[in-house]
Amino acid sequence: MKAIIGGTGIDRDGRFYENTVSKVNRYGEVIYSIKDDIVYLPRHRPGHSLPPHRINYRANIAELRSLGVTDVISIYAVGSITKLIAPTRFGLIKDFIDFAFGRENTFYDGTEGAVRHVPMVDAFDRELSAAFMAVSMMRGYSIPSNAVYVTTNGPRFETAAEIEAFRRIGGDVVGMTLGTEAALLREAGIRNAAVAYSINWAAGLDAEGMAFMEGESIMKLVDILISMAEDTLSRF
Ligand code: HPA
C-alpha cells in the first residue's frame, strides 16, 4: 500500500475529504480515505481544522504503518526563503532543520519499551524522490531536488529577522509540519519523498508584505502535484 499525505490547499481536494474513514489507534484518531490502493491522508484533517502544532502526527504515521504503507509522497505548502523554489513553483526536499517544540515527535519516547536514536541522514528516499523527479520531467517540469525545509512551530508566521536567520543557516523554504512528520516516517521505516510547493515569499522578502497565491491557482497546482504523486507511486 502507498500513501499521499497532503496539507494546506490539498485538503480541499475531494480525494482527501470524500469517503473518509475514521480510525482510532493507541495515539488517537486518524481520518483518511483509500482509493485504488492509495491512502489519502489530509494531515490537518478534512476542512483544515487542526493547526500544525495540534496535528496528531504519531497517530497519522502509526496508522499508515499498520495499514502496511511502504511508500509515501508527502506534499507541503511552504513560503520561499530563497529562489530555489520560488512562489508558484515546486520541488523536492533533500533535508530539514526542525525548530518545532512541544510536540509528540517520536515513537521512541520510552513508553513502547524501547529507546532508539534513529539517524536522519538521508531522511528522504532517493529512489522515490528520483521517481517523482522523472515523472515531473516527463510532464515538462524541471524541478530542484535539493531544497532545505525549515520547520517552525507556528501557528503564527515568522518575523523578518527569523527568516533572515533561517536563510543564513541554509534554509530554502519554511513551513510548520515537515520536520515532525518526516522524522516519524523515518522512525516508522516508511520510504518518503517530500514535495514542497511555495505559495508566498517568506516574511520580510516581499515589498508588499506577505502575499499568498490565490486559492484557485493553488487548487490547479495541487491537482498537478497529486496526479504526479499518483503516477510516481503507481510506477514505484
Ligand atoms: N511560513 C510558514 N509556513 C508557511 C508559509 C510561511 O511563510 N507559507 C506556507 N506555509
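In these legends, Ala, Val, Leu, Ile, Met, Phe, Trp, Tyr, Cys and Pro count as nonpolar, Asp, Glu, Lys and Arg as charged, and the others, Gly among them, as polar. The structure shown is a predicted model.

**Figure 1. The residues around the ligand come from several parts of the chain, including β5, β8 and β9.** The shell consists of A77, V78, G79, F157, E158, V174, G175, M176, I199, N200 and M210. By class, seven of these residues are nonpolar, three are polar and one is charged. Strand β5 provides the largest share of the shell, three residues.

**Figure 2. Nitrogen atoms of the ligand lie a short way from polar atoms of G79, E158 and N200.** For G79, the atom concerned belongs to the backbone, and the distance from this polar atom to a ligand nitrogen is 3.2 Å. For E158, a polar atom of the side chain is 2.8 Å from a nitrogen of the ligand. For N200, a polar side-chain atom is 2.7 Å from a ligand nitrogen. How much of the ligand's accessible area does the protein cover? On its own the ligand has 260 Å² of accessible area, and the protein covers 92% of this.

**Figure 3. The largest pocket holds the ligand.** The space in this pocket amounts to about 330 Å³. Its lining is made up of 22 residues, and those nearest the centre of the pocket are T8, A77, F157, G175 and M176. Of these, A77, F157, G175 and M176 also appear among the residues around the ligand. Which strand gives the most to the lining of the largest pocket? That strand is β5, with four residues. At least two lining residues come from each of β5, β8 and β9. Sorted by class, the lining of the largest pocket has 12 nonpolar, eight polar and two charged residues.

**Figure 4. The second largest pocket has a volume of about 260 Å³.** It is lined by 13 residues, and K94, D122, F124, R126 and S145 are the closest to its centre. Two or more lining residues come from strand β6 (90–98) and from helix α3 (126–138). The lining of this pocket divides into six nonpolar, two polar and five charged residues.

**Figure 5. One cavity of 30 Å³ or more is present in the structure.** The volume of the largest cavity is about 60 Å³. Which residues line the largest cavity? They are E29, V30, I31, L41, P42, R43, R45, L50, I55, N56 and N60. Strands β3 (28–35) and β4 (38–42) each give at least two residues to this lining. The largest share, three residues, belongs to β3. The lining of the largest cavity counts six nonpolar, two polar and three charged residues.

**Figure 6. R45 has a positive phi although it is a residue other than glycine.** The phi angle of R45 is near 70°. Where along the chain is R45 found? R45 is in the loop between β4 and α2 (57–66). R45 is also one of the residues that line the largest cavity, which is the cavity of Figure 5.

**Figure 7. The peptide bond that joins G154 and P155 is cis.** Omega for this bond is about -5°. P155 has its place in the loop between strand β7 (147–151) and helix α4 (160–168).

Conventions
Residues numbered from 1 in each chain as written. Predicted model: local features only at pLDDT ≥ 70, side-chain atom pairs only at ≥ 80, totals over all residues. Heavy atoms only, no water. Near = heavy atom within 4 Å. Polar contact = N/O pair within 3.5 Å; in protein donor to acceptor, adjacent residues only side chain to side chain. Areas by Shrake-Rupley, 256 points an atom, 1.4 Å probe, with all protein chains shown as cover. 1 Å grid on protein atoms, 1.4 Å probe; cavity = no way out; pocket = protein on both sides within 12 Å on 5 of 7 lines; lining within 4 Å. Sits in = over half its atoms within 2 Å of the grid points. Points joined across faces, edges and corners; volume = space filled by probe spheres on them.
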